[in-house]
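Please open the structure in a viewer and keep the sequence at hand. The tour proceeds by selections, each followed by a description of what is found there.

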Amino acid sequence: MLYTACDQTICTVAAPGVGQDGGQVFSISDEDVTLEELRKNIAFVEKKAGFYAEIRQLQGIYRENLHLSYTFRSLRFKENTCAVSVTETAVFYYTDSQQPSVYETIYSIDLVKLGQQWLVADITDGSRFDGLYKNDPSFDAGTALAELALELQTENCKLTAPWDPAGASGEQSGWIPYNGANAAAYAYTYSRQNAETARENYYNPQFKSYAGRGGDCMNFVSQCMWAGFGGSQTQDAISASASPMDTDGDSTWYSRDVNSDGEPALSWVSCQSFRKYLTGELDGSGTAGSNAAADMGMYAAIIDAGPGSPITGVPVEALIGAAAHVEGAGGPYAHAIILTAAAGTSRSDIWFCSHTKNLTHIKLGDYYFGPIKVYVPRYMRTGAPQAFIQADMLPPVTASSIASVGFRTAAVSPELRLVITSPDGTAGEPFTAQDTNAIFAEHLFSSPGLYRVDCTAAEETGTAYSFTFFIRCYEPPTVPVPDTPQEVEIDGWDDAPDWLFS
């Protein structure tokens with residue numbers, strides 16, 4: 001985990017005694033490079049490992065019960081070089097959390113053959129860290145650490161869209177308040193829980209996936225916010241882009257059914273377009289957009305946080321379910337994440353989930369040190385009445401556990417009805433209650449999978465309301481026995497030539 005000093009040169013071109021002729025030339029990515037030049041790559045990897053080890057310890061971020069698995073893809077061989085894509089999936093627990101974390105990294109690795117031995121010549125992960133520092137001869141890890149250590153202790157936040165603008169409490173008739181806990185529960189439900197199941201299997205099958213088509217990050221974050229506003233997870237509601245999706249006016253934010261030929265609004269799937277939806281400007285600095293509109297649409301407070309800065313300006317609990325734009329392959333604010341837990345304002349006290357990259361319950365300070373834009377949804381303006389049914393969505397539960405499932409209504413209802421359907425499609429006996437505004441039932445989640453929860457309620461006028469959500473049940477990750485070698489199933493090597501392993 002890089003919390004103690006370790007030799008990063010093992011099995012690399014920088015290992016002691018390897019390749020005495022530093023002038024030997026290899027063709028990598030259609031460029032001729034010498035062995036001596038390749039050794040500089042490993043020197044950077046050493047600096048990078050030391051940087052991350054120090055910055056995590058500086059923030060008090062520690063992990064335990066680590067389990068690693070690897071998938072090797074896209075092996076490309078030449079006479080004495082090989083390029084390979086390696087996906088590493090780490091499953092672990094933070095020492096201050098009882099919830100499993102899943103951390104996916106995709107590495108591009110170059111190998112060269114010296115004699116009969118294959119050695120690592122370069123390791124990159126497409127991160128902004130690599131892009132900023134790898135080819136910068138002036139980069140000094142000690143200086144960068146000192147600067148970041150200061151930034152982590154310095155509040156540098158600006159509330160560019162107010163928490164509660166004058167005359168807009170979010171409680172007006174027809175306005176739907178935001179439930180950040182439900183947004184976080186949705187995020188955990190559709191985030192990867194283990195390394196054994198492909199990440200795609202955790203995506204909500206009711207929505208189109210944009211993994212491999214520009215990335216699924218903003219699509220996923222929009223789904224989470226939609227759930228926080230009370231979006232019913234039925235195919236009919238999604239197909240109709242029903243409220244709380246925003247389909248009216250100049251600024252729109254909506255999705256489409258997975259089977260639809262139509263595409264969602266760009267604001268649903270694009271970071272830039274979402275910023276324009278809220279503010280009228282692609283960089284999120286405008287004063288127009290949905291935030292300033294009077295018709296149907298979202299209002300969100302916006303926090304601009306500088307590099308390393310704690311996230312302040314709103315109550316800590318309001319950060320749960322907030323969306324954020326962070327640095328990505330496309331530069332600052334090019335990637336979307338959803339904040340899912342917060343014990344404080346420092347980056348080491350805030351957790352998030354994301355798609356492509358697929359990360360579950362990861363500390364913000366473990367991954368993102370640069371500037372961040374945080375969007376704290378407050379309410380959705382709509383001409384319809386407030387959601388009559390208000391459900392408490394649950395984050396994933398472990399197999400064989402019992403949890404309370406239920407919902408409340410905005411007024412006393414003649415009859416409430418709750419049906420829980422197991423992953424195999426078997427609907428349980430309905431729970432009912434009369435002349436009340438709440439119903440809850442204890443349910444045994446016996447086997448892994450998605451459990452469907454259907455809520456229905458009636459008004460005295462005879463009007464019926466319904467709401468549907470899902471609860472994921474999962475097997476906890478297997479915790480490896482300390483000091484016991486772990487056998488790892490590695491895909492993609494079946495077609496590799498025998499001499500690769502010599």
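The stops below concern a predicted model.

**First stop: the nonpolar cores**

Begin by selecting M298 and V374. These are the residues with the most contacts inside the largest nonpolar core, which has 96 residues. Next, colour residues 217-228, which form helix α5; this helix supplies eight residues, the largest share of that core. Another core, of 21 residues, lies apart from it; V13, I28, V86 and L114 are among its members. As a general background, nonpolar side chains tend to be buried together in soluble globular proteins.

**Second stop: helix α5**

Keep helix α5 selected. How many of its residues are buried? The helix is mostly covered, with twelve of its twelve residues buried. The buried residues include C217, F220, V221, M225 and W226, and N219, S222 and Q223 also belong to the buried set. A distance between the C-alpha atoms at the two ends of α5 gives 17 Å; this agrees with the 16 Å that twelve residues should span at 1.5 Å a residue. After the helix, select G230, which follows α5 and has a positive phi, near 95°.

**Third stop: salt bridges**

A search of the whole structure finds 15 salt bridges. Select D125 and K48, whose side chains meet in one of them, with an N to O distance of 3.0 Å. D125 is in the loop between β6 (117-124) and α2 (128-133), while K48 is in helix α1 (residues 35-58), so this pair ties together parts that are 77 residues apart in sequence. Are these two residues buried or exposed? D125 counts as buried at 16% relative accessibility, and K48 counts as buried at 13%.

Move next to E104 and R192. Their side chains meet in a salt bridge of 3.1 Å, N to O. R192 lies in the loop between α4 (180-189) and α5, and E104 lies in strand β5 (residues 101-114); the pair therefore ties together parts that are 88 residues apart in sequence. R192 is buried, with a relative accessible area of 9%, and E104 also counts as buried, at 3% relative accessibility.

Add R199 to the selection. E104 forms a salt bridge with R199, and the closest N and O atoms are 2.8 Å apart. R199 is in the loop between α4 and α5 and E104 is in strand β5, so this pair ties together parts that are 95 residues apart in sequence. Finally, add E200 to complete the picture: E104, R192, R199 and E200 are linked in a network of salt bridges.

**Fourth stop: I372**

Select I372, which is placed in strand β14 (residues 372-381). I372 counts as buried, at 1% relative accessibility. Which residues are in contact with I372, leaving aside its neighbours within four places in sequence? Among them are I303, D304, A305, I311, A324 and V326, and the list also includes H325, Y333, R347 and L364. Now add G308: the C-alpha atoms of I372 and G308 are separated by 8.9 Å, although the two residues are 64 residues apart along the chain.

**Fifth stop: aromatic rings**

The structure has a count of 29 aromatic pairs. Select F44 and F139, which form a tilted pair, 6.2 Å centre to centre with 55° between the planes. F44 lies in helix α1 and F139 in the loop between α2 and α3 (141-152), so the pair ties together parts that are 95 residues apart in sequence. F44 counts as buried at 7% relative accessibility, and F139 is buried with a relative accessible area of 7%. Then select F51 and Y52: their ring centres are 5.6 Å apart and their planes are at 85°, so the pair is edge-to-face. Both F51 and Y52 are buried.

For a wider view, select Y186, Y190, F207, W226, W253, W268, F274, Y277 and Y375, which form one aromatic cluster. W226 was met earlier as one of the buried residues of α5.

**Last stop: charges over rings**

Select K373 with Y333: K373 lies over the face of the Y333 ring, at 5.1 Å from the ring centre. To finish, select R378 with W163, where R378 lies over the face of W163 at 3.7 Å from the ring centre.

Definitions and conventions
Residues are numbered from 1 along each chain as its sequence is written. This is a predicted model: local features need pLDDT of at least 70, side-chain atom pairs count only at pLDDT 80 or more; totals for chains, interfaces and linings use all residues. Side-chain values use heavy atoms; hydrogens and water are left out. A nonpolar core is a set of buried Ala, Val, Leu, Ile, Met, Phe, Trp, Tyr and Cys residues joined through side-chain atoms within 4.5 Å. Buried means under 20% relative accessible area, exposed over 50%, partly exposed in between (1.4 Å probe, protein chains only). Helices (H or I, at least four residues) and strands (E, at least two) are DSSP runs, numbered from the N terminus. A salt bridge is a side-chain nitrogen of Lys or Arg within 4 Å of a carboxyl oxygen of Asp or Glu. The expected span of a helix is 1.5 Å times one less than its number of residues. Contact means heavy atoms within 4.5 Å. Rings of Phe, Tyr and Trp (its six-membered ring) pair if their centres lie within 6.5 Å; planes under 30 degrees apart count as stacked, over 60 as edge-to-face and the rest as tilted. A charge sits over a ring if NZ of Lys or CZ of Arg is within 6 Å of the ring centre and within 35 degrees of the ring normal.
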